[in-house]
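Morning, everyone. I'll take you through one protein today, a few residues at a time. Please have the structure open on your screens.

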Amino acid sequence: MRVCPRCGARYTGEARFCSHDGEATQELLPSDSGDPLLGTVVDGRYRVEAVIGEGGMGVVYGVTHVTLGKRFALKVLRRDYARDETVVERFVREAQAATSIGHESIVDIHDFGRLPDASTYFVMELLEGETLTARIRRGPLEPEEMLRTTRQIASALSAAHASGIVHRDLKPDNVHLVPRGNDPPTVKVLDFGIAKVGGAHGKLTRTGTVFGTPYYMSPEQAAGQSVDGRTDVYALGVLVYEMLTGQVPFDGDTFMGILSKQMFEAPPSLVASGIDPGLAEAVSRALAKRPEERTPTMEALVDDLEAAMAGESLVPRGGPGSRPAPAATSPAAPERRRTGLLLSGAALALFGTFAGGLALYVRGQEPRPVAPRTPATSARRVLPKPPPRA
């Protein structure tokens, strides 16, 4: 357990930075103070049995439906944020976005309501298994396992993009691997709490505001610029990099340092880490700094990975068979984009000195240790893509 020394928000897992004020978190020793919700029955239906997770906005409990006897996860907005309209709206958006997509690799939301103290909650399926964070901690994934996992994540986010939703906070903590007996795990994508819906420019998605986790943020997201589905492509490219090597491409002692690297530095060579050059090129395309030079869609990213693992040449950008890139949310001339990026970087640097200059919402993740690995093979294993949910 970790805690923010400034605002007191508690986090399970390995969050290094507070998601509200960017402060570095500190380890919190176990406390014997009780949670007032434990042992109670919410709305006469859900008996609260245990705390199973905590984050910047809410606490997740394991609950049992008193009539059906079925177990669920209940996520409750923290009481001290219940009066903050923006936070409540973001919390509600998480439930609405996940429910509206309707994909088997996106967590199901079953119920929604308010507690007597006005805190908002929603009820979702209880997931067994482990997060992708826990899986990577045991060591890098072999290319076949990486591809199997990436296909399902890409399928879920492709459905989200088709519904006009950009996740904007894809990271291993938000990918859950659910066991299926002797079959490979099923992927569930979670936490659409900062999703951008329908291209809106409201207060939750306004240009100039930084949302997301610094390790997985695209350059345009790090600079507070408008984003589209290619921001999620970049984040998935970071996840693929991390699945293959056990570490993220960019790390630093402060969130500002990580954002700067995302905007201006090239990632360390995957080939130098023993990764097949074809796979390295596929990942490099997804991590292009400029959105118009990046792999344009989730489907195109999977196509590149499959071609690389089959030993085939990747389709040149703009060549036959390549998919056209979606239009950028805010088109600009190259020189304007370069200037805007530099100015945004300067603005972010000023924020590090004068806190409060920008509304910052970041979630942290500890760097993963690099486990020994052998060079990746180029064998291809074709796996069926998950069917759409009825």
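Start with Thr149. You will find Thr149 in helix H3. Keep in mind that this is a predicted model. Is Thr149 buried or exposed? Thr149 is buried, because its relative accessible area is 7% and the cut-off for buried is under 20%. Now, what does Thr149 touch, if we leave aside its neighbours within four places in sequence? The contacts are Leu141, Leu177, Val187 and Met243.

Stay on that helix. Helix H3 covers residues 143–162, and Arg151 sits in it. Arg151 is buried as well, with a relative accessible area of 5%. Now look across to Met298. Along the chain, Arg151 and Met298 are 147 residues apart. In space, 8.7 Å separates their C-alpha atoms.

That leads to the whole chain. How much of the contact count comes from residues 24 or more positions apart? Take the contacts with a separation of 6 or more: 65% of them join residues 24 or more positions apart. The protein has 390 residues, and 53% of them are buried. Its secondary structure comes to nine helices and 16 strands.

Next, a loop. His103 is placed between helix H1, residues 85–101, and strand S8, residues 109–114. Is this loop residue buried or exposed? His103 is buried, at a relative accessible area of 6%. Its side chain has a partner, too. The side chain of His103 reaches the backbone nitrogen of Ser105, at 2.9 Å.

Last stop: a pair of helices. Two packed helices are described by the angle between their axes and the distance between the axes. Our pair is H7, residues 277–286, and H8, residues 298–309. The angle is about 165°, and the axes lie 8 Å apart. Angles over 145 degrees count as roughly antiparallel, so H7 is roughly antiparallel to H8. Their crossing is right-handed.

Which residues make the contact? From H7, they are Gly278, Leu279, Ala282, Arg285 and Ala286. From H8, they are Leu301, Asp304, Leu305, Ala308 and Met309. Sort the residues of this contact by type, and you get seven nonpolar, one polar and two charged.

To recap. Thr149 in H3 is buried. Arg151 is buried too, and so is His103 in its loop. H7 and H8 pack at about 165°. That's my tour. Questions, please.

Definitions and conventions: Residues numbered from 1 in each chain as written. Predicted model: local features only at pLDDT ≥ 70, side-chain atom pairs only at ≥ 80, totals over all residues. Heavy atoms only, no water. Axes fitted to C-alpha atoms, helices over the stretch in contact; angles between N-to-C directions. Helix = DSSP H or I, 4+ residues; strand = E, 2+ residues; numbered from the N terminus. Parallel < 35°, antiparallel > 145°, perpendicular 65-115°, else oblique. Left-handed = near helix turned anticlockwise from the far one by under 90°. Contact = heavy atoms within 4.5 Å. Nonpolar A, V, L, I, M, F, W, Y, C, P; charged D, E, K, R; others polar. Buried < 20%, exposed > 50% of the residue type's maximum accessible area, 1.4 Å probe, protein only. Polar contact = N/O pair within 3.5 Å; in protein donor to acceptor, adjacent residues only side chain to side chain.
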